[in-house]
Amino acid sequence: MQKKRVTISIVSSLASPHDKYFSDIEVAASLALLAVASADVVVQPPPAVVKQSQDIAPDGSYSFSYETENGIYHAESGSLGATDARSEPATIVQGQYQYQAPDGTPISVSYVADHNGFQPQGEHIPPISPLIQRALEYIRAHPPKPEDEVVVAR
């Protein structure tokens, strides 16, 4: 018990009177900001799903789609496909989704995802800059050479 009093008296003797004043103002301002921010929070239940379908085939291909009451829509299909003669088959996916942005703008995206990565397309997505496009073309024209296999003797 005595240690606690000594510690408190040391801390309070090190703090200046201004530190306590600013700390009280900061606490009061933070509480006021929290009260204002929490008053604007509107809890809404998640939108109901109005349509939904899904199909999974024995060969691993699949498709699904759903639509919610607030206009969100997503459809996708995928199947195994050959990327090239040297690689294992990869899942090739095609799909689209749409929703309404907070400002009311309709957003629609179609995409392909394969061995080249995720490739979205939509009017709201900016085009690739010419510098990046040139770099990508250079990389495609000059692929990295596979390194020689390293054999470790035991």
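Which helix does Y138 lie in? Y138 sits in helix 3, which covers residues 130–141. Before following that residue further, please keep in mind that this is a predicted model.

**The chain at a glance**

The protein chain contains 3 helices and 6 strands. Reading from the N terminus, these elements follow the order α-α-β-β-β-β-β-β-α. Of the 154 residues in the protein chain, 10% are buried.

**Around helix 3**

Back to Y138: is this residue buried or exposed? Y138 has a relative accessible area of 52% and is exposed, because the exposed class begins over 50%. Y138 also takes part in a nonpolar surface patch of about 490 Å², together with I128, I132, L136 and I139.

**The sheet**

Now for the strands. They build an open sheet of 6 strands in the order 1-2-3-4-5-6, with antiparallel pairing. Its edges are strand 1 (49–56) and strand 6 (117–121), each of which pairs on one side only. From one strand to the next, the twist averages 10 degrees. As general background for looking at such a sheet, side chains in a regular strand alternate between the two faces.

The table gathers four of the strand pairings, each with one pair of residues that face each other across the strands.

| Strand pair | Bridges | Facing residues |
|---|---|---|
| Strand 1 and strand 2 | 7 bridges | D55 and S63 |
| Strand 2 and strand 3 | 6 bridges | S63 and S77 |
| Strand 3 and strand 4 | 9 bridges | H74 and Y97 |
| Strand 5 and strand 6 | 5 bridges | A113 and F118 |

To find these strands in the viewer, look for strand 2 at residues 62–68, strand 3 at residues 73–81, strand 4 at residues 90–100 and strand 5 at residues 106–114.

**S63 and its neighbours**

S63 is a handy landmark. This serine is found in strand 2, where it is the bridge partner of D55. S63 also has a bridge partner in strand 3, namely S77. How accessible is S63? With a relative accessible area of 29%, S63 is partly exposed, because that value falls between the 20% limit for buried and the 50% limit for exposed. You can also check S63 against V93: the two residues are 30 apart along the chain, and their C-alpha atoms are separated by 9.4 Å.

**Two hairpins**

Strand 2 and strand 3 form a hairpin with 4 residues between the strands, and in this hairpin G71 takes a positive phi near 95 degrees. N70 is found in the loop between strand 2 and strand 3. N70 is partly exposed, with a relative accessible area of 43%. The C-alpha atoms of N70 and V49 are separated by 9.0 Å, although their positions lie 21 residues apart along the chain when counted as a separation.

Strand 5 and strand 6 form a hairpin too, with 2 residues between them. Here A113 stands opposite F118 in strand 6.

**Aromatic rings**

How many aromatic pairs does the structure hold? There are 5 aromatic pairs. One of them joins F64 and Y66 in a stacked arrangement, 6.5 Å centre to centre and with 5 degrees between the planes. F64 is partly exposed at 25% relative accessibility, and Y66 is partly exposed as well, with a relative accessible area of 30%.

Another pair is formed by Y111 and F118, this time tilted, with 5.3 Å centre to centre and 40 degrees between the planes. Why does that angle count as tilted? Planes under 30 degrees apart count as stacked and those over 60 as edge-to-face, so 40 degrees falls into the remaining class, tilted.

The two members of this pair have their own accessibility values. Y111 counts as buried, because its 7% relative accessibility is under the 20% cut-off. F118, at 49% relative accessibility, counts as partly exposed. Y111 and F118 also belong to one aromatic cluster with Y97 and Y99. Through Y97, that cluster includes the residue that H74 stands opposite in strand 4. Through F118, the cluster also includes the residue opposite A113 in strand 6.

Notes
Residues are numbered from 1 along each chain as its sequence is written. This is a predicted model: local features need pLDDT of at least 70, side-chain atom pairs count only at pLDDT 80 or more; totals for chains, interfaces and linings use all residues. Side-chain values use heavy atoms; hydrogens and water are left out. Patches are made of residues with over 30% relative accessible area and no salt bridge: like charges are joined within 9 Å, nonpolar side chains (Val, Leu, Ile, Met, Phe, Trp, Tyr) within 5 Å. Accessible areas come from the Shrake-Rupley method with a 1.4 Å probe; for residues, only the protein chains shown count as cover. A salt bridge is a side-chain nitrogen of Lys or Arg within 4 Å of a carboxyl oxygen of Asp or Glu. Buried means under 20% relative accessible area, exposed over 50%, partly exposed in between (1.4 Å probe, protein chains only). Two strands pair if DSSP finds at least two bridges between them. Axes are lines fitted to C-alpha atoms, for helices over the stretch in contact, and angles run from 0 to 180 degrees between N-to-C directions. Rings of Phe, Tyr and Trp (its six-membered ring) pair if their centres lie within 6.5 Å; planes under 30 degrees apart count as stacked, over 60 as edge-to-face and the rest as tilted.
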